[in-house]
Number of protein chains: 2
Amino acid sequence: MATILEKARKDPSSMKGRILAAARQLFGQYGFHGTTTRMIAQEVEIDISTLHYHWGEKGDLYEAVVLDICEDLGQKLVEVEKIIHGLPRQDRLSISIEMMTDYLFENPESSNLILFRYFGKSKEGDGLDFQIPEFTADIALSMGLAKDRKSVPPHVMMEVLALMNSIHNFVSGECLFRPMVNRNREDYIQLVKSTLKFVHIPAFSQGHDYTRE
Amino acid sequence: MATILEKARKDPSSMKGRILAAARQLFGQYGFHGTTTRMIAQEVEIDISTLHYHWGEKGDLYEAVVLDICEDLGQKLVEVEKIIHGLPRQDRLSISIEMMTDYLFENPESSNLILFRYFGKSKEGDGLDFQIPEFTADIALSMGLAKDRKSVPPHVMMEVLALMNSIHNFVSGECLFRPMVNRNREDYIQLVKSTLKFVHIPAFSQGHDYTRE
DNA sequence: AGACGATCCCATCATTTGATGGAACAACGC
DNA sequence: GCGTTGTTCCATCAAATGATGGGATCGTCT
């Protein structure tokens, strides 16, 4: 299956690639149960059986979509890490927030799918937990809040999670939150960025000596 | 429909009440599309048509569940408001976070349903937006961050949203996040509370003079 | 007792949905 | 030309799902 995914990612204009892209959009928008194979097929303008020919059963296609999202997200994190490397922590945080926010607003289905995967217990066992723990630890390292990936303090993990999830929330909830603040899309994105910085930079900067239990 | 809901809420041991409770759990766990009427009926140990007799079609029952959740949430907010009224802002925030976190960890289906409603675009038009804007404005007022409900500054709305959503995330994502920090449930809840306070109290306390563009 | 309404279940229907078999079609090598 | 392989669509199936009709059961009122 991994090879199929690689092929589809490498050649987005191929049938496999087009199906993957459509599935990514639709699964991201309606979730696993809310998306039918017929919806995906119709989007690509092919027959259902053609879809099945390329990707097997629905669950496999969904897993491929999740892997696809995670692959992109991981690449983006690496890209960010390269840019912020060596800068002061405050700048690292600020730039990371800006870049990741921009990226996710361009690919909102990613945030949606991640949130779906968090909160939507599927009836069957979940299977892969898709690298979120690894990503979280990596971000903590990038911010200089841990010595190595295996020794990230729990409260640091939690703070990184809070930041990541907050971005996802504002991206996925745009259609609900944006009317609340009455902004156009561009201004809303700016508002999200400044809010995230406003909330999370002080927390990360204050050296973790705040009263904890 | 509102009267049916009131009756069901008033008498949880009645058939309407039992169905509503089961539906609330299941919709909260699997979402709208992931929950079947047969699953609900089986949970209550009744026939599907009995369920249909009491609540009409599936969508109506789901709307009732959402209203039910919001009703409870609204009551809880009022309860919190009574307790924190008049205290210093720092204490108001701290107590609010503790009480709402405790409440939502006792009723995780609430957080789940709210997040589902945020992010899961249903194929039909959504209908009611279930009071989240009102709740958000009320919380801003409780924290003394606005003069009246109609004049809450956008960045305050965003900060309140960030806090509320963060609670929901940690509650709904427990099964994923708790293993990451390797805690039992009780300790995890404490960790969530201290993280939320650590992140959000400084933000709310620093008088909103942080550099915003 | 008898009537009536409320409640509940069995049997069933129509639609949707995931999945498959088989035929048609094209490209390619021989 | 001819077989092989890969790709696509049409027709169809079986299961799941939401929904309904009709009848059984129970309590209550007269």
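This is a dialogue on reading the predicted model shown above.

Trainee: What should I know before I start?

Mentor: The model is predicted: local features need pLDDT of at least 70, side-chain atom pairs count only at pLDDT 80 or more, and totals for chains, interfaces and linings use all residues. Residues are numbered from 1 along each chain as its sequence is written, while chains are lettered from A and ligands numbered from 1 in the order in which they are written.

Trainee: How many helices and strands does chain A have?

Mentor: Elements are DSSP runs, numbered from the N terminus: helices are H or I with at least four residues, strands are E with at least two. Chain A has 11 helices and 0 strands. Along the sequence the pattern reads α-α-α-α-α-α-α-α-α-α-α.

Trainee: What percentage of the residues of chain A count as buried?

Mentor: Count C-beta atoms, placed from the backbone. A residue is buried if 20 or more others lie within 10 Å of its own, exposed if 12 or fewer, and partly exposed in between. Of the 213 residues of chain A, 38% count as buried.

Trainee: Show me a residue in between. Why does Ser94(A) count as partly exposed?

Mentor: Ser94(A) has 19 other C-beta atoms within 10 Å, so it is partly exposed. Ser94(A) lies in helix H6 of chain A. Two residues are in contact if their C-beta atoms, placed from the backbone, lie within 7 Å. Leaving out residues up to four places away in sequence, Ser94(A) touches Lys197(A) and Ile201(A).

Trainee: And Arg89(A)? Which residues is Arg89(A) in contact with, leaving aside neighbours within four places in sequence?

Mentor: Met143(A), Gly144(A), Phe204(A) and Ser205(A). Arg89(A) is found in helix H6 (residues 89-106) of chain A. Arg89(A) counts as partly exposed because it has 15 C-beta neighbours inside 10 Å. Arg89(A) and Met143(A) are 54 residues apart along the chain, yet their C-alpha atoms are separated by 6.2 Å.

Trainee: How do I read the relation between the two chains?

Mentor: Two copies of a chain are related by a rotation about an axis and a shift along it. The copies are superposed by least squares on the C-alpha atoms of residues with pLDDT of at least 70 in both. Here a turn of 180° and a shift of 0.0 Å along the axis lay chain A on chain B with an RMSD of 0.0 Å. That is the relation of a two-fold axis. The same surface serves both copies, as 100% of the contact residues of chain A recur in chain B.

Trainee: Which residue of chain A comes closest to the rotation axis?

Mentor: His33(A), at 2.7 Å (C-alpha).

Trainee: How many residues does the contact take from each chain?

Mentor: It takes 46 residues from chain A and 46 residues from chain B. H9(A) gives the most to the side of chain A that touches chain B, with 11 residues. For classes, Ala, Val, Leu, Ile, Met, Phe, Trp, Tyr, Cys and Pro count as nonpolar, Asp, Glu, Lys and Arg as charged, and the others, Gly among them, as polar. That side of chain A has 22 nonpolar, 18 polar and 6 charged residues.

Trainee: How do I describe one helix pair there?

Mentor: Two packed helices are described by the angle between their axes and the distance between the axes. The axes are lines fitted to C-alpha atoms, for helices over the stretch in contact, and angles run from 0 to 180 degrees between N-to-C directions. H9(A) and helix H10 (residues 174-181) of chain B pack at about 145°, with axes 9 Å apart. Pro154(A), Met157(A), Met158(A) and Leu161(A) meet Phe177(B), Met180(B) and Val181(B). This contact has 7 nonpolar, no polar and no charged residues.

Trainee: Which residues touch the most other members of the largest nonpolar core?

Mentor: A nonpolar core is a set of buried Ala, Val, Leu, Ile, Met, Phe, Trp, Tyr and Cys residues joined through C-beta atoms within 7 Å. In the largest, of 61 residues, Met157(A), Met157(B), Val160(B) and Ile167(B) touch the most other members. Helix H9 (residues 154-172) of chain B supplies the largest share, 11 residues. Apart from this core lies another, of 48 residues, including Phe32(A) and Leu113(B).

Trainee: Last, the DNA. Which residues come nearest to DNA strand C?

Mentor: A residue is near a strand if its C-beta atom, placed from the backbone, lies within 6 Å of it. Of the 15 residues around DNA strand C, Thr36(A), Ser49(A), Glu57(A), Ser49(B) and Thr50(B) come nearest. H4(B) gives the largest share of that surface, 4 residues. Around DNA strand D there are 14 residues, and Ser49(A), Thr50(A), Thr36(B), Ser49(B) and Glu57(B) come nearest.
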